[in-house]
Amino acid sequence: MAVVDRPETKTESSGVMVRRSALAVAAVGMLALAACGGGGGEPTASEGCDGAGELGAGDRTTVQPLAPLTGGDPLPQAALPELDGDGCLTTDDLRGQPAIINFWATWCPFCVEEMPDLEQVHQEVGSQVRFVGVDREDAADKARDLAAATGVTYELVEDRDGSFFRAVQGRGMPTTLFVDAEGTIVHRHAGPVTAEELRALIQEHLDV
């Protein structure tokens with residue numbers, strides 16, 4: 001299974017570039033830890049996944065198992081609390097429809113940069129592909145503020161201790177997983193992605 005390095009920047013419309021610039025300026029205060037290799041400060045704990053049965057996490061992310069993954073692996077069992085709310089998303093909930101799982105954080109500038117592109121493609125194919133943003137090892141209040149600033153409308157959950165990111169063998173931030181309707185990881189993309197690239201990857205790996 002290929003891991004794609006960070007793509008080169010492609011030519012964009014002036015409107016997209018203006019929006020990206022505005023978001024970058026707005027996020028400066030959040031990006032004191034700008035290196036995208038690790039967490040940004042203490043995660044904020046909140047109740048969220050107590051009702052998830054054996055995967056109930058309380059104030060933690062729960063992931064089972066943490067076994068190494070190879071090609072065509074099933075998505076690890078996990079319970080992830082909603083970023084804004086008291087609900088819980090389990091990876092079993094994603095079965096039945098192709099899914100995009102994007103790991104992001106306020107301390108990762110490239111994550112901030114790509115979020116409008118993810119939202120754009122979500123608006124185009126969201127009825128066919130489920131989009132989930134996973135906020136990794138972050139402060140929930142800052143993450144909620146950034147999500148509001150970028151205007152994303154897809155689902156957002158938390159990976160408070162980074163265990164889900166490690167379980168899926170995430171490599172660098174951002175990382176985007178392409179998961180088929182049976183819950184199998186069919187592709188991992190490391191690095192930011194543009195809307196154009198995301199459309200092509202969805203067509204190639206999810207046949208949408």
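This is a short walk through one predicted protein model, from the overall layout to a few local details.

Some ground rules before we start. The model is predicted, so local features need pLDDT of at least 70, and side-chain atom pairs count only at pLDDT 80 or more, while totals for chains, interfaces and linings use all residues. Residues are numbered from 1 along each chain as its sequence is written, and side-chain values use heavy atoms, with hydrogens and water left out.

Okay, the layout. The protein has five helices and nine strands. When I say helix or strand, I mean DSSP runs numbered from the N terminus: H or I with at least four residues for a helix, E with at least two for a strand. Reading from the N terminus, the order goes β-α-β-β-β-β-α-β-α-β-α-β-β-α. Of the 208 residues, 50% count as buried. Buried here is under 20% relative accessible area, exposed is over 50%, and partly exposed is in between, using a 1.4 Å probe and protein chains only.

Let's look at helix 2, residues 109–125. There are 17 residues in helix 2, and from first C-alpha to last it reaches 25 Å, close to the 24 Å expected at 1.5 Å a residue. That expected span is 1.5 Å times one less than the number of residues. So where does helix 2 bend? At methionine 115, by about 35 degrees, and proline 116 follows within four residues. The bend is the angle between two fitted axes, one for the seven residues ending at that position and one for the seven starting there. Plenty of helix 2 is buried, including Met115 and Pro116 themselves, along with Cys111, Val112 and Leu118. The buried list also has charged side chains on it, among them Glu114, Asp117 and Glu119.

Now salt bridges. Side chains of opposite charge can pair when their charged atoms come close. The cut-off I'm using is a side-chain nitrogen of Lys or Arg within 4 Å of a carboxyl oxygen of Asp or Glu. Searching the whole structure turns up five of them. One involves helix 2 again: arginine 199 pairs with glutamate 124, with the closest N and O atoms 2.8 Å apart. Arginine 199 sits in helix 5 (residues 195–206) and glutamate 124 in helix 2, so this pair ties together parts that are 75 residues apart in sequence. Both ends are partly exposed, arginine 199 at 32% relative accessible area and glutamate 124 at 40%.

Another salt bridge joins glutamate 137 and arginine 136, at 2.9 Å from N to O. Are those two buried or exposed? Both are buried, with glutamate 137 at 18% relative accessible area. Glutamate 137 is in the loop between strand 6 (130–136) and helix 3 (140–150). Its backbone is worth a look too: phi is near 45 degrees, a positive value in a residue other than glycine.

On that theme, most residues other than glycine have a negative phi, and most peptide bonds are trans. Aspartate 207 also has a positive phi, about 55 degrees, and is not a glycine. You'll find aspartate 207 in the segment after helix 5, and at 69% relative accessibility it counts as exposed. For the peptide bonds, check methionine 173 to proline 174: that bond is cis, with omega about -5 degrees. Proline 174 lies in the loop between helix 4 (163–167) and strand 8 (175–179).

Next, empty space. How many cavities of 30 Å³ or more does the search find? Three, over the whole structure. A cavity is a set of points, on a 1 Å grid over the protein atoms alone, where a 1.4 Å probe fits but cannot get out, and lining residues have an atom within 4 Å of a point. The second largest cavity holds about 50 Å³, where volume is the space filled by probe spheres set on the points. Its lining includes Pro74, Leu75, Asp92, Arg95 and Gly183. By class, that lining splits into three nonpolar, three polar and two charged residues. Aspartate 92 and arginine 95 also meet in a salt bridge of 3.7 Å, N to O. Aspartate 92 is partly exposed at 37%, and so is arginine 95 at 43%.

Last stop, strand 5 (residues 99–104), which holds isoleucine 100. Isoleucine 100 is buried, at 0% relative accessibility. The C-alpha atoms of isoleucine 100 and isoleucine 202 are 8.5 Å apart, with their positions 102 residues apart along the chain.

Note on methods. On a 1 Å grid over the protein atoms alone, a cavity is a set of points where a 1.4 Å probe fits but cannot get out, and a pocket is an open set with protein on both sides within 12 Å along at least five of seven lines; lining residues have an atom within 4 Å of a point.
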